[in-house]
Amino acid sequence: MIVRTLRSLIAAVAALLIAAAPAAAARILFVGNSFTFGAGSAVRFFHPELVHDLNREGQGGVPALFKMFAEQAGLDWDVSLETASGQDLAFHLANKRAELSGIWDVVVLQDYSTLDRAKPGDPSAHIRDAGRMVALFKAANPGAKIYLETTWPRADLTYPAGSHWHGKPIRAMLDDLARANALALLANREISGTAPVGEAWLHAMDQSVADANPYDGVAFGKIDLWTWDHYHASAYGYYLSALVIFGRVTGTDPRTLGEHERAAEELGFSGLTTVALQRIAAEALNGRSETGTRPTAGKASTEKPRIAG
């Protein structure tokens, strides 16, 4: 009788300990280049202690913003990044397999900004390499969710004379990037979806939150989502990117972070701007916009384009 009672007590205590043990944090890996680590802004070295930089370069970037959002939302995420400036997915596959190895619950893939360096806008390599990435991560964890980031259009490849998308509206480059991701999803059915970052940028321009053409000056009352080189993002642009990825991956409405969201306050945003960017991210994720207007191409510039990231 005493033995049976002791066994029952031990089993009950064990069950309580199992129930009380915290669940393991979900593991997310960001793979990309300077668009992920936040080049050209204060976001690059933003709270690197929050994340694991697998290349040991001390960068926080968009992944650190994601982690801070998650903490405020009460979500437990273990966040890592593997990034290399100016590189595409093929580079990571060829040179960073050791860093990419592991069992990841979620992977966010950000390819080269023009898809193909030699043939801007050509989706062929992107589709192929997205498939190879899927195979790599699914082999380690068949349940892994893999998302493709649709990056933003580059002003430096739209407005200056001689640039690839010159003479077209700012959304033309985005249309090419979004089409490439749509084709990648058709070719690789195990991809979980896309993070519509570029679409959120265009929403912000459509709704007069952001300026569509930094080459003719930034209009009063609007923000510039690009940084000084007109192709990397500003802190505003990376913040919007992180909001979209956070919403897509976690299913959390970015608007719940609120006016006093910590990262925005540390970066010096006004409450009005913070709320506007959260709303824009939510609308992009929901696939709708409050206006039907489209930004125009604006004035061209003679400044030479740079293709570096």
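**Close-ups: H8 and three positive-phi residues**

His230 is found in the loop that runs between H8 and H9. Everything shown in these views comes from a predicted model.

**View A. His230, a loop residue with an unusual sign of phi.** His230 isn't a glycine, yet its phi is positive, at about 65 degrees. For context, most residues other than glycine have a negative phi. Is His230 buried or exposed? With a relative accessibility of 14%, His230 counts as buried, because the cut-off for buried is under 20%.

**View B. Helix H8 and what packs over it.** H8 spans residues 197-206, and nine of its 10 residues are buried, so the rest of the structure largely encloses this helix. The buried set is Val197, Gly198, Ala200, Trp201, Leu202, His203, Ala204, Met205 and Asp206. Which elements cover them? The cover includes two strands, S5 (145-149) and S6 (193-195), along with helices H7 (171-187), H9 (235-250) and H11 (271-286).

**View C. Ser208, following H8.** Zoom in past the end of the helix: H8 is followed by Ser208, and the phi of Ser208 is positive, near 60 degrees.

**View D. His47, another histidine with a positive phi.** Where does His47 sit? Look in the loop between helix H2 (34-37) and strand S2 (52-53). His47 is not a glycine either, but its phi is positive at about 40 degrees. Its relative accessibility is 23%, so His47 counts as partly exposed.

How values were computed: Residues numbered from 1 in each chain as written. Predicted model: local features only at pLDDT ≥ 70, side-chain atom pairs only at ≥ 80, totals over all residues. Heavy atoms only, no water. Buried < 20%, exposed > 50% of the residue type's maximum accessible area, 1.4 Å probe, protein only. Helix = DSSP H or I, 4+ residues; strand = E, 2+ residues; numbered from the N terminus. Contact = heavy atoms within 4.5 Å.
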